[in-house]
Amino acid sequence: MFKTLKNFFTHIETTPHTGGSEVPSMTAILHIDSSILGGYSVSRTLTADIVAKQLALHPGARVIRRDLVVDAALHLSDAHMAAFQGGAVSNPALGEDLAVGGAYVDDLFAADIVVIGAPMYNFSVPSQLKAWIDRVCVAGRTFRYTPNGPEGLLPRGKKVFIASARGGIYTGDSPAAALEHQESYLRGVLGFIGLTDVTIIRAEGLNLGDEPKAAAIAKARAQIEALAA
């Protein structure tokens, strides 16, 4: 988490519809993938299924697409931190990347539904997804510190669906359960910025053989099919 100048991000925040004579805006779905496996990725398959289901539940919804592998943001650097504190933007590439980070935040304010593909890599999330997290957790923009503790600033009512893919088993009484820093981390960091309505669609045990993999994917897809508006 880092402190940033109030006027660093110049984009206008999206606020929730408050009723009255205003016309509700079209439902927006933010679709994020972070797996490096392309067409072999289970998490990408599941996010596509979740988005398709949400489009069926919300006809006419628009999709905001972010592939964090194909179009990756830079990882945080000392140059980023200097710019966040009001320093000069040292080169055009950094300026473009700062704009990408600002757009990531705008995505979250605009979205009513957020779908995140999050495979487990080495007990946590892919570095591509961590880089996205580092760019959307912005003090004064998506959270703030108060006398009563931190407060998320994203409007309430947004729904988040996480497509979780794991090679092993990390639930229940599994001896590997203590190594799970993927779903628990995502719930914590998303809740920190105000995204508390989180549903996890999980396919685990994917490296335990063809039959367990097929069963895990089928179970996840059945959970997606059962989703209601």
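**Close-up 1. His31 stands opposite Val115 of strand β4 in this predicted model.** Let us start where β2 and β4 meet. Strand β2 covers residues 28-33 and strand β4 covers residues 113-119, and the two pair in the parallel sense over 4 bridges. A second facing pair to look for here is Ile32, which stands opposite Ile116 of β4. Beyond this pairing, β4 is also joined to β8, by 7 bridges, and these two strands run parallel as well. On that side Ile116 stands opposite Ile162 in β8. Ile116 is thus a handy landmark, with Ile32 of β2 opposite and Ile162 of β8 opposite too.

**Close-up 2. The open sheet has 5 strands in the order β3-β2-β4-β8-β9.** Stepping back a little, you can follow the parallel pairing through this sheet. The edges are formed by β3 (62-67) and β9 (197-203); each has a single partner strand, so one side of each is left without a neighbour in the sheet. On average, neighbouring strands are turned by 15 degrees against each other, direction ignored. Helix α1, residues 42-57, lies across β2, β3, β4, β8 (159-165) and β9. Its direction is at about 175 degrees to β2. For orientation in the wider picture, the protein chain holds 6 helices and 9 strands.

**Close-up 3. Strand β4 is mostly covered, with 7 of its 7 residues buried.** Which residues of β4 point one way, and which the other? Ile113, Val115, Gly117 and Pro119 point one way, while Val114, Ile116 and Ala118 point the other way, and all are buried. In a regular strand, side chains alternate between the two faces of the sheet. For comparison with the whole, 44% of the 229 residues of the protein chain count as buried.

**Close-up 4. Helices α3 and α4 cross at roughly 80 degrees.** Two packed helices are described by the angle between their axes and the distance between the axes. Here α3 spans residues 92-110 and α4 spans residues 127-136, and their axes come within 9 Å. The crossing angle makes α3 roughly perpendicular to α4. On the α3 side the contact is made by Asp97, Leu98, Gly101, Tyr104, Val105 and Leu108, and on the α4 side by Trp132, Arg135 and Val136. Sorted by class, the contact has 6 nonpolar, 1 polar and 2 charged residues.

**Close-up 5. Leu108 of helix α3 has a relative accessible area of 1%.** Is Leu108 buried or exposed? Leu108 is buried, because its relative accessible area of 1% is under the 20% cut-off. Leaving aside neighbours within four places in sequence, Leu108 is in contact with Leu30, Val114, Trp132, Val136, Leu154, Lys158, Ile193 and Leu195. Two of these contacts, Trp132 and Val136, also belong to the α4 side of the helix contact. The C-alpha atoms of Leu108 and Thr142 are separated by 9.2 Å, although the two residues are 34 apart along the chain. In the protein chain as a whole, 78% of the contacts between residues at least 6 apart in sequence join residues at least 24 apart.

**Close-up 6. The largest nonpolar core has 33 residues.** Which residues have the most contacts inside this core? They are Leu108, Ile116, Leu129 and Trp132. Several elements contribute: β2, α3, β4, α4, β5 (138-139), β8, α5 (183-192) and β9 each supply at least two residues. Apart from this core lies another, of 19 residues, with Ile29, Val115, Ala163 and Ala220 among them. Strand β4 offers a nice link back to the earlier views: Val115 and Ile116 point opposite ways from β4, with Val115 in the core of 19 residues and Ile116 in the core of 33.

**Close-up 7. Asn122 and Phe123 are found in the loop between β4 and α4.** What is the phi of Asn122? Asn122 has a positive phi of about 50 degrees although it is not a glycine. Phe123, also not a glycine, has a positive phi of about 75 degrees. Asn122 counts as exposed, at 74% relative accessibility, whereas Phe123 is partly exposed, with a relative accessible area of 34%.

How values were computed: Residues are numbered from 1 along each chain as its sequence is written. This is a predicted model: local features need pLDDT of at least 70, side-chain atom pairs count only at pLDDT 80 or more; totals for chains, interfaces and linings use all residues. Side-chain values use heavy atoms; hydrogens and water are left out. Two strands pair if DSSP finds at least two bridges between them. Axes are lines fitted to C-alpha atoms, for helices over the stretch in contact, and angles run from 0 to 180 degrees between N-to-C directions. Contact means heavy atoms within 4.5 Å. Angles under 35 degrees count as roughly parallel, over 145 as roughly antiparallel, 65 to 115 as roughly perpendicular and the rest as oblique. Ala, Val, Leu, Ile, Met, Phe, Trp, Tyr, Cys and Pro count as nonpolar, Asp, Glu, Lys and Arg as charged, and the others, Gly among them, as polar. Buried means under 20% relative accessible area, exposed over 50%, partly exposed in between (1.4 Å probe, protein chains only). A nonpolar core is a set of buried Ala, Val, Leu, Ile, Met, Phe, Trp, Tyr and Cys residues joined through side-chain atoms within 4.5 Å.
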